Amino acid sequence: MIQLQNVTKRYGNATAVNNISFTVAQGETLVLLGTSGCGKTTTMRMVNRLTEPTKGSIIVNGTDVLQQSPTVLRRGIGYVLQHTGLFPHYTIAQNIAVVPALLQWSKEKIVDRTNTLLQKLELDPGSILHKYPNELSGGQQQRVGLARALAADPPVLLMDEPFGALDPITRAAIRREFKQLDGLKRKTILMGTHDVQEAFELGDKVCIMNKGEIVQMGTPTQLLFTPTHPFTKAFLEGHRFQLELQTTSIGSLWQWLPQHQEVSNRKGMEANTTLWQALELLSLAAAPAYMSIKNDSRSLSTPLLLVAFEHYKKQAAHG
């Protein structure tokens with residue numbers, strides 16, 4: 001669906017992106033992860049021709065982007081920005097309708113699509129459609145920005161630090177909503193972020209970038225447990241505790257905890273439930289002890305957590 005082949009972008013003598021290649025399969029989410037200035041924003045801007053590559057090729061839906069009109073190309077690509085990019089002089093209804101109107105959708109179809117998206121994003125159409133962006137909270141604006149990107153149901157979605165301007169609580173809530181949206185499960189998504197937790201939570205694959213180059217790319221589990229570059233290991237080290245919880249499923253622990261498999265199923269846990277998700281569920285039965293585990297990122301790691309996990313599963317079984 002998206003393929004970059006030996007892509008480079010130079011600004012004078014400065015190289016923003018240096019000879020990178022990757023493929024995002026249809027329906028897959030690839031997250032570009034790195035610090036500011038690593039090249040992730042430039043890479044996404046080249047995909048929809050907001051920036052032209054110096055060399056290399058970019059293929060979207062089987063066609064080189066340089067062989068397409070930028071306007072036509074962008075109509076098939078949703079784009080979500082960190083600061084929403086909403087037009088301040090347009091109402092919320094007008095903002096969401098921009099691309100559908102260009103595609104000459106009927107007014108009835110636009111209204112129906114707008115209402116459906118806002119409801120899925122837990123926004124009340126009746127109370128916000130006639131407002132302007134500056135009349136909404138940051139979280140509401142971010143949801144509207146996502147609705148606008150999804151309005152014409154594009155097969156490809158670019159997301160550049162989409163939740164970066166939000167406070168941590170709102171950010172976490174929107175990430176959960178994002179993962180649960182049915183309309184996103186069949187889209188090809190290229191996302192950029194500097195937030196390690198966000199990348200591991202949302203990405204099917206994660207591409208770690210540094211100084212315009214790809215350091216390592218793989219699944220979250222591969223990056224965490226089999227780093228192939230010292231930069232990868234150093235970049236993730238400070239987040240290892242939570243990342244282990246996010247990448248380890250309870251199914252992989254049943255060989256050590258076979259007697260509790262039935263309890264797990266009864267508590268709404270499947271084999272692919274992560275330890276982080278499992279502890280969230282079990283917190284209802286053992287909240288104080290659970291919080292001590294969840295917050296003690298300095299001394300705990302997966303091996304010790306296995307013992308705690310077994311203990312609290314027992315508590316949940318009798319709770």
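Trainee: Hi! Arg 49 first: is that residue buried or exposed in this structure?
Mentor: Arg 49 is buried, at a relative accessible area of 15%. Keep in mind that this is a predicted model.

Trainee: Which residue does Arg 49 form a salt bridge with?
Mentor: That would be Glu 52, and the closest N and O atoms of the two lie 3.0 Å apart.

Trainee: And Glu 52, what does that one count as?
Mentor: Glu 52 counts as partly exposed, because its relative accessibility is 33% and the buried class ends under 20%.

Trainee: How many salt bridges does the structure hold?
Mentor: Eight. One of them pairs Arg 240 with Glu 237, where the closest N and O atoms are 3.5 Å apart. Glu 237 is partly exposed, with 39% relative accessible area.

Trainee: What about Asp 153, which residue does it bridge to?
Mentor: Asp 153 forms a salt bridge with Arg 113, with 3.9 Å between the closest N and O atoms. This pair links distant parts of the chain, 40 residues apart. Arg 113 sits in helix H5 (residues 107–120), while Asp 153 is in the loop between helix H7 (138–150) and strand E7 (156–160).

Trainee: Are those two buried or partly exposed?
Mentor: Asp 153 is partly exposed at 29% relative accessible area, and Arg 113 is partly exposed at 21%.

Trainee: Which residues share a network with Arg 113?
Mentor: Salt bridges with shared partners join Arg 113 to Asp 153, Arg 186 and Lys 187 in one network.

Trainee: Switching topic to the sheet. What is the strand order?
Mentor: The order is E6-E7-E8-E3-E9-E10, six strands in an open sheet with mixed pairing. At the edges are strand E6 (77–80) and strand E10 (213–218), each of which pairs on one side only. On average, neighbouring strands are turned by 15° against each other, direction ignored.

Trainee: How many bridges are there between E6 and E7, and in which sense do they pair?
Mentor: There are four bridges, and the pairing is parallel. As an example to look up, Tyr 79 has Leu 158 in E7 as its bridge partner.

Trainee: Which strands does helix H1 touch?
Mentor: Helix H1 (residues 40–47) packs on the sheet and touches strand E3 (29–33), E6, E7, strand E8 (188–193) and strand E9 (205–210). The direction of H1 makes about 150° with that of E8.

Trainee: And helix H11, where does that pack?
Mentor: Helix H11 (residues 230–237) packs on the sheet too, in contact with E3, E9 and E10. The direction of H11 makes about 105° with that of E9.

Conventions:
Residues are numbered from 1 along each chain as its sequence is written. This is a predicted model: local features need pLDDT of at least 70, side-chain atom pairs count only at pLDDT 80 or more; totals for chains, interfaces and linings use all residues. Side-chain values use heavy atoms; hydrogens and water are left out. A salt bridge is a side-chain nitrogen of Lys or Arg within 4 Å of a carboxyl oxygen of Asp or Glu. Buried means under 20% relative accessible area, exposed over 50%, partly exposed in between (1.4 Å probe, protein chains only). Helices (H or I, at least four residues) and strands (E, at least two) are DSSP runs, numbered from the N terminus. Two strands pair if DSSP finds at least two bridges between them. Axes are lines fitted to C-alpha atoms, for helices over the stretch in contact, and angles run from 0 to 180 degrees between N-to-C directions. Contact means heavy atoms within 4.5 Å.
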